[in-house]
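Dear colleague,

I am passing on the structure we spoke about, and I would be glad if you could look at it alongside the notes below.

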Amino acid sequence: MSGRPQRVGLMIPSSNTMMEVDFARDLPPDAALHTARMYLAETTPAGENRMLDEFALPAARDLGTARPDVVVFGCTSAGALRGNDYDAELCARISELTGAPVVSTIGAVRTAIEASGAAGIGVITPYVDELNEAIKASIEDDGIPVAGITGLGITDNFQIAEVGPDQIVAFAVRALGPLAAEGQIDLVFASCTNFGAMAVRPAIAERLGLPVVTSNQAALDAAVARLRALWSLQPSSTWRPAAMTRRCACWLRPVTTRRSWPAGRA
C-alpha cells in the first residue's frame with residue numbers, strides 16, 4: 001500500500017468549483033485526489049433532494065471503480081437536509097458501493113465543533129433560509145446551541161464560489177460581530193463546500209477573535225486522519241475498520257431501517 005499514493009475519493013455537486021481546489025492545495029503530498037460529480041445547478045432543497053435521489057449513488061458507484069482508500073461526501077447542506085440519521089445511512093450506502101470508509105462533511109463539521117468545546121456557535125452560509133434551518137438543526141442535534149445563523153440567499157451554486165474572499169470576511173464580521181462582542185458565541189462555522197471560506201479562515205478568526213471551522217477544512221482534516229489510521233495498520237484481506245459513529249465516517253455500517261433508494265440506481 002505504501003508504494004502508491006493514498007487515494008481520496010471526493011463526491012461533489014457538479015457545479016462546485018471550490019472543494020477540489022481546497023483539497024488539492026492542502027492534501028498531503030503522498031495523497032491523490034479523484035473526483036465524482038453529482039448533478040446540481042441550484043442550491044435549494046428541491047435541487048439537493050434531486051441530487052440525493054438521482055445522482056449521489058451513481059456517482060458513488062462510478063467513483064468506486066477508482067478504488068479509493070477513503071471517500072468524502074462533499075456537500076454540507078445536502079448532508080444535513082434530511083437529518084443526521086439519513087446522512088449516516090447515506091454514507092453507509094456510499095461505503096457499500098465504493099468499498100471505502102466515507103467521511104460526511106456535515107459529520108466532520110459536527111465532530112470539529114464538539115472537539116472545540118464551544119458552548120455556542122455562530123454560522124455563516126451562502127444559503128437560503130430553508131437550508132440554513134437544516135444546518136442549524138443538524139448542529140443542535142448534538143446539544144450545541146446555534147446563537148445565530150445568517151445566509152447570503154444565493155441559489156445558483158456556481159455563483160457561491162464567485163463570492164470573493166474580502167466579501168466573505170466582511171460578511172462574517174457583519175453577521176457575527178455583535179454576537180462575538182456580546183460573548184454569545186465562542187466559535188464560528190462557515191458552511192458550504194463551494195464557499196471560499198477555507199482560504200480566509202485566519203482572517204475571520206483575527207477579525208472576530210474566535211476560532212473558525214469551515215466545511216472544507218473539517219472534511220479534509222477528517223479524511224486525512226482516516227487515511228493515516230488506515231495506513232498505520234497492516235494490510236489484510238479480511239480486516240475491516242471498526243464501525244464509525246454517525247458523525248464522521250462509515251464503513252459498511254449495518255442499517256436498521258432501510259430507505260427506498262431510487263429504482264434502477266446502483
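What follows covers the salt bridges first and then the internal cavity.

Please keep in mind that this is a predicted model.

Salt bridges

A search of the whole structure finds 11 salt bridges, and I describe some of them here. One of these pairs is E20 with R37, whose closest N and O atoms lie 3.0 Å apart. The two residues are 17 positions from each other in the chain and connect distant parts of it, since E20 belongs to helix α1 (residues 19–26) while R37 belongs to strand β2 (residues 31–38). Because partly exposed covers the range between 20% and 50% relative accessible area, E20 falls into that class at 24%, and R37 does so as well at 38%.

A second salt bridge brings together the side chains of R25 and D26, with an N to O distance of 3.5 Å. R25 is partly exposed at 44% relative accessibility, and D26 is likewise partly exposed, its relative accessible area being 37%.

The side chains of R228 and D30 also meet in a salt bridge, here at 3.3 Å from N to O. This pair links distant parts of the chain, with R228 in helix α10 (residues 215–231) and D30 in the loop between α1 and β2, a separation of 198 residues. As for their surroundings, R228 counts as partly exposed at 35% relative accessibility, and D30 counts as partly exposed at 33%. Apart from such single pairs, there is also a network, in which salt bridges that share partners join D22, R25 and D26; the contact between R25 and D26 was described above.

Internal cavity

How many cavities of 30 Å³ or more does the model contain? The count comes to 1 cavity at that cut-off, and the space in the largest cavity is about 70 Å³. Its lining is made up of 13 residues, of which C75, S77, N157, C192 and T193 are the closest to the centre. Sorted by class, the lining of this largest cavity comprises 5 nonpolar, 7 polar and 1 charged residues. With cysteine counted as nonpolar, C75 and C192 belong to the nonpolar class, whereas S77, N157 and T193 belong to the polar class.

When you open the model, the pair R228 and D30 and the lining residues around C75 and S77 would be convenient places to begin.

With best wishes

Conventions. Residues numbered from 1 in each chain as written. Predicted model: local features only at pLDDT ≥ 70, side-chain atom pairs only at ≥ 80, totals over all residues. Heavy atoms only, no water. Salt bridge = Lys/Arg side-chain N within 4 Å of Asp/Glu carboxyl O. Helix = DSSP H or I, 4+ residues; strand = E, 2+ residues; numbered from the N terminus. Buried < 20%, exposed > 50% of the residue type's maximum accessible area, 1.4 Å probe, protein only. 1 Å grid on protein atoms, 1.4 Å probe; cavity = no way out; pocket = protein on both sides within 12 Å on 5 of 7 lines; lining within 4 Å. Points joined across faces, edges and corners; volume = space filled by probe spheres on them.
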